[in-house]
Amino acid sequence: MTTVATRQSAALQPQLSATLRFATAVAVATVLALAWIVVEQASHQAVQTATEAFSRGAAGAAQPSVEIAGRREAAARRS
């Protein structure tokens, strides 16, 4: 029994070194952090663009006049 247990524990050695696993974790964390920063900046820019569009649109644009069809027809019949 001891020879079987010894063989199984010897066969279950880690395939990657601790240094390589740590380096991989750091690389993944770095990529995620950079992606977070890029997305945050894009979101901030989108909010600024939308704010400018809403503030310009409300003050500068004149709404076209609207005519009600029933009243226009009635006015044409009177003439």
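User: How much surface does the protein expose, and what share of it do carbon and sulfur atoms supply?
Analyst: In this predicted model, the protein exposes about 7600 Å², of which carbon and sulfur atoms supply 65%; accessible areas come from the Shrake-Rupley method with a 1.4 Å probe, and for residues only the protein chains shown count as cover.

User: And how many of the residues are buried?
Analyst: Of the 79 residues, 0% count as buried, where buried means under 20% relative accessible area, exposed over 50%, and partly exposed in between (1.4 Å probe, protein chains only).

User: OK, what about helices and strands?
Analyst: There are three helices and zero strands, helices (H or I) being DSSP runs of at least four residues and strands (E) of at least two, numbered from the N terminus.

User: Which helix has the highest mean pLDDT, and which the lowest?
Analyst: Helix 2 (residues 18-60) has the highest at 91, while helix 3 (residues 69-78) has the lowest at 61; pLDDT is the predictor's confidence in each residue, from 0 to 100. Where pLDDT is low, the predicted coordinates should not be read in detail.

User: Switching topic, why does Ser 55 count as partly exposed?
Analyst: Ser 55, which is found in helix 2, counts as partly exposed because its relative accessibility is 48%.

User: What does the side chain of Ser 55 reach?
Analyst: The Ser 55 side chain reaches the backbone oxygen of Glu 52 at 3.0 Å.

Definitions and conventions. Residues numbered from 1 in each chain as written. Predicted model: local features only at pLDDT ≥ 70, side-chain atom pairs only at ≥ 80, totals over all residues. Heavy atoms only, no water. Polar contact = N/O pair within 3.5 Å; in protein donor to acceptor, adjacent residues only side chain to side chain.
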